[in-house]
Amino acid sequence: MKKPMKWLAAGVLCAAAAGAQAQVNQIKVWAAACANCHGTDGRAEPGAISLAGQNKDDLVQKLLDYKAGKRPATIMHQLAKGYTDEQLTQIAGYFAAQKK
(Lines give C-alpha, C1' and ligand atoms only; values in the text may rest on other atoms or scores of the structure.)
Protein backbone atom coordinates (compact mmCIF):
# COMPACT_ATOMS: atom_id res chain seq x y z
CA MET A 1 0.00 0.00 0.00
CA LYS A 2 2.93 2.37 0.46
CA LYS A 3 3.91 2.50 -3.23
CA PRO A 4 0.50 3.74 -4.46
CA MET A 5 0.57 6.46 -1.80
CA LYS A 6 4.02 7.59 -2.94
CA TRP A 7 2.84 7.80 -6.54
CA LEU A 8 -0.27 9.66 -5.48
CA ALA A 9 1.79 12.14 -3.46
CA ALA A 10 4.21 12.59 -6.35
CA GLY A 11 1.30 13.20 -8.72
CA VAL A 12 -0.21 15.80 -6.42
CA LEU A 13 3.13 17.62 -6.13
CA CYS A 14 3.61 17.58 -9.91
CA ALA A 15 0.11 18.94 -10.46
CA ALA A 16 0.71 21.71 -7.91
CA ALA A 17 4.00 22.64 -9.59
CA ALA A 18 2.33 22.71 -13.01
CA GLY A 19 -0.44 24.94 -11.64
CA ALA A 20 2.09 27.33 -10.11
CA GLN A 21 4.01 27.52 -13.40
CA ALA A 22 0.79 28.21 -15.29
CA GLN A 23 0.07 31.10 -12.89
CA VAL A 24 3.57 32.55 -13.46
CA ASN A 25 3.08 32.27 -17.22
CA GLN A 26 -0.30 34.05 -16.97
CA ILE A 27 1.26 36.93 -15.05
CA LYS A 28 3.94 37.25 -17.74
CA VAL A 29 1.20 37.43 -20.38
CA TRP A 30 -0.54 40.23 -18.46
CA ALA A 31 2.77 42.07 -18.01
CA ALA A 32 3.60 41.73 -21.70
CA ALA A 33 0.60 43.93 -22.47
CA CYS A 34 2.47 46.77 -20.73
CA ALA A 35 5.54 46.48 -22.98
CA ASN A 36 4.33 48.90 -25.65
CA CYS A 37 4.62 51.84 -23.27
CA HIS A 38 6.80 50.55 -20.43
CA GLY A 39 9.28 48.33 -22.30
CA THR A 40 10.08 44.65 -22.13
CA ASP A 41 9.91 43.48 -18.51
CA GLY A 42 9.18 47.08 -17.50
CA ARG A 43 12.49 48.55 -18.70
CA ALA A 44 11.30 51.52 -20.74
CA GLU A 45 13.11 53.55 -23.32
CA PRO A 46 14.09 57.12 -22.39
CA GLY A 47 11.03 59.34 -22.12
CA ALA A 48 8.74 56.58 -20.83
CA ILE A 49 8.15 55.36 -17.29
CA SER A 50 10.09 52.23 -16.30
CA LEU A 51 8.28 49.83 -14.00
CA ALA A 52 11.12 47.37 -13.38
CA GLY A 53 12.39 47.38 -9.84
CA GLN A 54 9.80 49.82 -8.51
CA ASN A 55 8.28 49.25 -5.09
CA LYS A 56 5.41 46.75 -5.35
CA ASP A 57 3.14 48.56 -2.92
CA ASP A 58 3.62 51.85 -4.77
CA LEU A 59 2.84 50.19 -8.10
CA VAL A 60 -0.27 48.51 -6.68
CA GLN A 61 -1.52 51.81 -5.27
CA LYS A 62 -0.93 53.62 -8.58
CA LEU A 63 -2.72 50.89 -10.53
CA LEU A 64 -5.68 50.90 -8.14
CA ASP A 65 -5.82 54.69 -8.33
CA TYR A 66 -5.88 54.52 -12.14
CA LYS A 67 -8.62 51.92 -11.98
CA ALA A 68 -10.71 54.05 -9.60
CA GLY A 69 -10.16 57.20 -11.69
CA LYS A 70 -8.29 58.91 -8.82
CA ARG A 71 -5.10 59.33 -10.84
CA PRO A 72 -5.10 61.26 -14.13
CA ALA A 73 -4.06 59.32 -17.20
CA THR A 74 -4.41 59.20 -20.94
CA ILE A 75 -5.07 55.45 -21.15
CA MET A 76 -3.99 53.74 -17.91
CA HIS A 77 -7.36 54.33 -16.24
CA GLN A 78 -9.02 52.36 -19.04
CA LEU A 79 -6.43 49.58 -19.08
CA ALA A 80 -6.47 49.10 -15.30
CA LYS A 81 -10.25 48.56 -15.35
CA GLY A 82 -9.65 45.40 -17.40
CA TYR A 83 -7.99 43.64 -14.46
CA THR A 84 -9.14 42.56 -11.03
CA ASP A 85 -7.40 44.06 -8.00
CA GLU A 86 -5.65 40.71 -7.45
CA GLN A 87 -4.41 40.65 -11.04
CA LEU A 88 -3.07 44.19 -10.68
CA THR A 89 -1.29 43.14 -7.49
CA GLN A 90 0.30 40.20 -9.30
CA ILE A 91 1.37 42.39 -12.22
CA ALA A 92 2.89 44.90 -9.80
CA GLY A 93 4.76 42.07 -8.07
CA TYR A 94 6.12 40.90 -11.39
CA PHE A 95 7.50 44.34 -12.28
CA ALA A 96 8.84 44.93 -8.78
CA ALA A 97 10.85 41.70 -9.08
CA GLN A 98 12.50 42.74 -12.36
CA LYS A 99 15.97 44.27 -12.34
CA LYS A 100 16.18 47.91 -13.37
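The secondary structure of this chain comes to five helices and zero strands, where helices (H or I, at least four residues) and strands (E, at least two) are DSSP runs numbered from the N terminus. The model is a predicted one: local features need pLDDT of at least 70, side-chain atom pairs count only at pLDDT 80 or more, and totals for chains, interfaces and linings use all residues. Residues are numbered from 1 along each chain as its sequence is written, and side-chain values use heavy atoms, with hydrogens and water left out.

**Exercise 1. Describe the chain as a whole.**

Step 1: Read along the sequence, and you will meet the pattern α-α-α-α-α.

Step 2: Turn to burial, where buried means under 20% relative accessible area, exposed over 50%, and partly exposed in between (1.4 Å probe, protein chains only). Of the 100 residues in the chain, 23% are buried.

Step 3: Look at the surface. About 7100 Å² is exposed, and carbon and sulfur atoms supply 60% of it; the areas come from the Shrake-Rupley method with a 1.4 Å probe, and for residues only the protein chains shown count as cover.

Step 4: Consider contacts (heavy atoms within 4.5 Å). Among those between residues at least 6 apart in sequence, 57% join residues at least 24 apart.

**Exercise 2. Check the span of helix H3 and find its buried residues.**

Step 1: Locate H3 at residues 56–68.

Step 2: Work out its expected span, which is 1.5 Å times one less than its number of residues. For the 13 residues of H3 this should be 18 Å, and the end C-alpha atoms are 18 Å apart, so the two agree.

Step 3: List the buried residues of H3: Leu-59, Val-60, Leu-63, Asp-65 and Tyr-66. What covers them includes H4 and H5.

Step 4: Compare with Gln-61, also in H3. Gln-61 counts as partly exposed because its relative accessible area is 43%. Its C-alpha atom is 9.4 Å from that of Ala-92, 31 residues apart along the chain.

**Exercise 3. Explore the largest pocket.**

Step 1: Start with the meaning of the word. On a 1 Å grid over the protein atoms alone, a pocket is an open set of points where a 1.4 Å probe fits, with protein on both sides within 12 Å along at least five of seven lines; lining residues have an atom within 4 Å of a point.

Step 2: Find the volume, which is the space filled by probe spheres set on the points, with grid points joined across faces, edges and corners. The largest pocket holds about 560 Å³.

Step 3: Identify the lining. There are 24 lining residues, and the closest to the centre are His-38, Leu-51, Leu-63, Tyr-66 and Met-76. Helix H2 (35–38), H3, helix H4 (76–80) and helix H5 (85–97) each give two or more residues to this lining.

Step 4: Sort the lining by type: 18 nonpolar, four polar and two charged. Here Ala, Val, Leu, Ile, Met, Phe, Trp, Tyr, Cys and Pro count as nonpolar, Asp, Glu, Lys and Arg as charged, and the others, Gly among them, as polar.

**Exercise 4. Place Asp-41 and Lys-99.**

Step 1: Find Asp-41 in the loop between H2 and H3. Its phi is near 55°, a positive value in a residue other than glycine. Most residues other than glycine have a negative phi.

Step 2: Find Lys-99 in the segment after H5. Lys-99 counts as exposed because its relative accessibility is 71%.

Step 3: Leaving aside neighbours within four places in sequence, Lys-99 is in contact with Arg-43 and Ala-52.
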